[in-house]
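Hello,

Here is the structure I promised to pass on. Please open it and follow along with the notes below.

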Amino acid sequence: MADSTAPSPRATSNRSTTPHSSGFSDFISSGWAERVDAEVVPREQAAFAAARRERLSQLHVGQRLILPAGSAKVRSNDTDYPFRAHSTFAHVTGWGSDVVAGSVLVMEPTASGHDATLYFRPAAGRDTNEFYANPDVGEFWTGPRPSLANVATDLGVATAPLADFDAVLDRVDASTLIVRDADRDVTDQVDGRRLLAADSEALEHDGDDELSRNLSELRLVKDSYEVAEMRGAVDATQMGFNDVVADLPNIVEHTRGERLVEGTFNRRARAEGNTVGYDTIAASGPHACVLHWTRNDGPVKPGDLILIDAGIELDSYYTADITRTLPISGTFTEVQRRVYDAVLEAADAAFAIVRPGIKFRDIHAEAMRVIAEKTAEWGLLPVSAEESLEADKQFHRRYMVHGTSHHLGIDVHDCAAARRDMYLDGVLEPGMVFTIEPGLYFQPDDITVPEEYRGIGVRIEDDILVTEDGAENLSVNIPRTADAVEAWIARS
């Protein structure tokens, strides 16, 4: 039977033409071949997800944990944005782009740890009218849904109908924890019951915050499955960059060539993975000085540079995050190459120190040393490079206001809720994956720099894996020196 507690479909009744007669209902509900589920074997990620749940269980002994996948979000009336499950849910279940919206993972405390159950709304049965009349979940509208048994085998976790989640809510007490930002409706229901259980007018969220922090910190060191997915995401992203370079003649011809860059890359993302890991930045000319330029509505003109910051997210949700800055005409000018080589030197210097045992923030400091030296050498700073690097100066940061690195994985900015002493002040360990992405950005109206620099923005970003004795640049095969970039464009 379909979930009787589920909300009614959002399709507007004033345009529904579905027949309501019993004769039609009887006819459309009959005459179907018996459906036999295809054989399912556990996906590779299932064992890794089980290990993650075990580590989480050890951190929250005796506490009920509720991790929602989230619900579909309305884009316009009854049209939704493409659904993506909350990253914490995906990480501890192993369910990726095929997740059913509205699902909830519950880890129920036991004497020996936790029992995990995945609640989701299964397929609407042919004994209801939902399979043809409900455009939110009906098979005629959205395709078949997986069965409870199939998902249980696929993910290696117990499953139950979403309607049974009401019984979990009835057991909620003050010690129950929830990932608060995953599903607002579920969080509100849990909060209401926790208030009743606590017999209080206020509710502290410290426990929820601790849960989110622990879930973030579990992702700081990637397991072997995650590392393999990161390699796959980088490989797919390299294909996307190659597509863009090959399409440069068409891109230059269009009045909104940045949009063509975005579209060309997104086409590859949909072909090789789930989608893009974040909105593609296709920033040509002075737009490259806008760090998060995602409007992508400008022309791509020969003689300018174009900064492309893009990554492909696989069906597992793991994403790359790579930036390359290209001379649109195929050749850097003298000044463009000077800026480009300075950024590359900063990136290479930062990469050279990466090894287990150093602090994460040391990477940024090393890149900033080079940025300070180069901007001082060009006469852009009011003091020497050494003075500018002092904590109360930092004048070189005018030309690079962002950080050099962030963790990367199932989120493009992964592990965001981790504590500072585990993140910025954390010590590198083998299995960590992060970006190194220095840049120089000379705004078109910045009169502190010579006119020849104004409007030039350069960023070079690579995805780095910490190994047992150093580091590996996962994206090194995407051309990154000035000579290699020019040869790349020439070949295409």
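Start with E226. Beyond its neighbours within four places in sequence, E226 is in contact with R52, H91, V221 and Y318. Note that this is a predicted model. E226 sits in helix α10.

Does E226 lie buried or exposed? It is buried, yet E226 has no salt bridge. The nearest side chain of opposite charge is R52, 4.2 Å away. A salt bridge needs a side-chain nitrogen of Lys or Arg within 4 Å of a carboxyl oxygen of Asp or Glu. E226 does have a polar atom in its side chain 2.9 Å from the backbone nitrogen of D223.

Next, helix α12. It covers residues 257-272, 16 in number. From first C-alpha to last, α12 reaches 23 Å, close to the 22 Å expected. Its buried residues are G257, E258, V261, T264, F265, R268 and A269. Seen down the axis of α12, they fall within an arc of 140°, so they line one face of the helix. The face turned away from that buried side carries the exposed residues R267, R270 and A271. What do the buried residues of α12 pack against? Their partners include helices α10 and α11, and also β8, β9, β10 and β11.

Last, helix α9. It has twelve residues, 206-217. It reaches 16 Å, close to the 16 Å expected. Buried in α9 are D208, L211, N214, L215, S216 and E217. Their cover includes α2, β1, α3, β7 and α8.

Best wishes

Conventions: Residues numbered from 1 in each chain as written. Predicted model: local features only at pLDDT ≥ 70, side-chain atom pairs only at ≥ 80, totals over all residues. Heavy atoms only, no water. Helix = DSSP H or I, 4+ residues; strand = E, 2+ residues; numbered from the N terminus. Expected span 1.5 Å × (residues − 1). Buried < 20%, exposed > 50% of the residue type's maximum accessible area, 1.4 Å probe, protein only. Contact = heavy atoms within 4.5 Å. Arc of directions from axis to C-beta. Lys, Arg positive; Asp, Glu negative; His and termini not counted. Polar contact = N/O pair within 3.5 Å; in protein donor to acceptor, adjacent residues only side chain to side chain.
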